[in-house]
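Student: I'm new to this one. Can we go through how its parts get their labels?

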Amino acid sequence: MRSDVLVTCPLVVMKFGGTSVGDVDRINRVADIIVEHRVRNPNEGIVVVVSAMAGETNRLTSLAKHCANSPAPREMDVLLASGEQVSVALLAMALQDRGLKARSYLAPQARISTNDRHTNAQIEGIESQALKSLLADNGIPVVAGFQGICVDSGDITTLGRGGSDITAVALAAVLHARVCFIYTDVAGVFSTDPRLCKDARLLPQVSHEEMLEMASLGAKVLHTRSVYFAMRYKVPLVVLSTFLGALQPGRNGTFVVSEEELMEKALVTGVTHRLDEAQIAVSGMKADIKSLAHLFEVLAEEDIYIDMISQEFIGDDEVNVSLTVPDEQSERALEIIRNSVETLRANAVTIQRDIAKVSVVGIGMRYHTGVASRVFKVLARAGIDIKMVNTSEIKISIMVARKYCKMAVSVLHEEFFTVEVAKQVG
């Protein structure tokens, strides 16, 4: 990604999500946070990225569905991009009212160029002399997140889920910001979901790689695309709450950094869960590689994302194959596989949605053994059966019946946080 923006002074990017700018009072609170940062760091540049006000994107989507059964992606982008236009203008007004030289920028003005994939575009470049000029004049650009402009057509595009985070990280990368603050409605990244486990802990640091795994496995603080962007361009992130004030170690804020910057590499950093997947089982399928290749080829042709896969041989020439797919794609996946039953020479295809995926993630797993043993032992002790398993170098994911999700999260969190800490102290 290239840019013509060259900024010599140190600067930060501050991104505020939809809940942070959900109404006028909250927008004024955000303006106060920016003013406080400017007072504490008078020689540091500030670039602000803002999402649409909370609920606005859903409202606009609902309007579109009342006008058309299948709204054209190009027109959806034009519609949805209007949400950020409101919030950047209001925040720029609030900052100007406080005596700061702020100015709002939409994607065409900030020169955020993308490809032509409407509703899920990718940033290809940021070239903005306008941002450079305002920063040099001690001004504060307030940039609309989530949106871009197609290089070829000049059409407005949107970046899909987590788009404002991506905008913020991209700006931080091209401007060489010392840090990108992601302000949201939680205090940072926790060791597990505080709603499921009262002993969840605020993490002072996680690596980009750990955060990427945790985000893909259910942690909703950051979207995977923004974390990948930050890892690729080595952008330090800080996740913190708009409603708890300034960065306060141990109370508000988690640093997401490269592995080399971690002060210590915890064995397990987090326990995550997902409830939005379905399991499809293909029973009595012909046990040959051509059948397996066909099964996954027809799913790939329809862009069906497959997560976990397992197979069980039930004879010399038959196999049961299970796979998990996102809930939102499960009906289509089921239809595709059922249409292929004859080719697969399978007996039946069934679907189960009452499942949960629970994962333990930690970069320390790369350097230590025995984590899988502890996971299975703890779950066995709790009487929780495992349906499927998936692993990588720094994670172990298991699929369980949904009714056991909370229990699985709790016992695994206790094992790797309460018990682990007790061992270290002892």
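Tutor: Sure. Let's start with a term for strands: two of them pair if DSSP finds at least two bridges between them. Keep in mind that this is a predicted model.

Student: What makes β14 and β16 a pair?

Tutor: Set the number against that cut-off: at least two bridges are needed, and eight join β14 (residues 277-286) to β16 (residues 318-326). So they count as paired, and they run antiparallel. In this pairing, Met285 stands opposite Val319 in β16.

Student: Which sheet do β14 and β16 belong to, and in what order do its strands come?

Tutor: An open sheet of four strands, ordered β15-β16-β14-β17, with antiparallel pairing.

Student: Why are β15 and β17 called edge strands?

Tutor: Because β15 (309-313) and β17 (348-352) each pair on one side only. As for twist, neighbouring strands in this sheet are turned by 15° against each other on average, ignoring direction.

Student: What packs on the sheet?

Tutor: Helix α11 (residues 327-338) does, touching β14, β16 and β17. Its direction makes about 15° with that of β14. Angles under 35 degrees count as roughly parallel, so α11 is roughly parallel to β14. There's also helix α10 (residues 289-301), which lies across β14, β15 and β16 and runs at about 15° to β16.

Student: On to helix pairs. Why is α1 called oblique to α4?

Tutor: Helix α1 (residues 24-40) and helix α4 (residues 82-97) pack at about 55°, with their axes 9 Å apart. Roughly parallel needs an angle under 35 degrees, and roughly perpendicular covers 65 to 115. The angle of about 55° fits neither, so α1 is oblique to α4. The crossing is right-handed.

Student: Which residues of α1 and α4 make the contact?

Tutor: From α1, Ile27, Asn28, Val30, Ala31 and Ile34; from α4, Leu90, Leu91, Ala94 and Leu95. By class, that's eight nonpolar, one polar and no charged residues.

Student: And how do you know that α8 and α9 are roughly antiparallel?

Tutor: Helix α8 (residues 208-216) and helix α9 (residues 224-232) pack at about 170°, with axes 9 Å apart. Anything over 145 degrees counts as roughly antiparallel, so that label applies to α8 and α9. Here the crossing is left-handed.

Student: What classes of residue make up the contact of α8 with α9?

Tutor: Among the residues in contact are Met211 and Leu212 of α8 and Val227 and Tyr228 of α9. By class, the contact has seven nonpolar, three polar and one charged residues.

Notes:
Residues are numbered from 1 along each chain as its sequence is written. This is a predicted model: local features need pLDDT of at least 70, side-chain atom pairs count only at pLDDT 80 or more; totals for chains, interfaces and linings use all residues. Side-chain values use heavy atoms; hydrogens and water are left out. Axes are lines fitted to C-alpha atoms, for helices over the stretch in contact, and angles run from 0 to 180 degrees between N-to-C directions. Helices (H or I, at least four residues) and strands (E, at least two) are DSSP runs, numbered from the N terminus. A crossing is left-handed if the near helix is turned anticlockwise from the far one by less than a right angle, and right-handed if clockwise. Contact means heavy atoms within 4.5 Å. Ala, Val, Leu, Ile, Met, Phe, Trp, Tyr, Cys and Pro count as nonpolar, Asp, Glu, Lys and Arg as charged, and the others, Gly among them, as polar.
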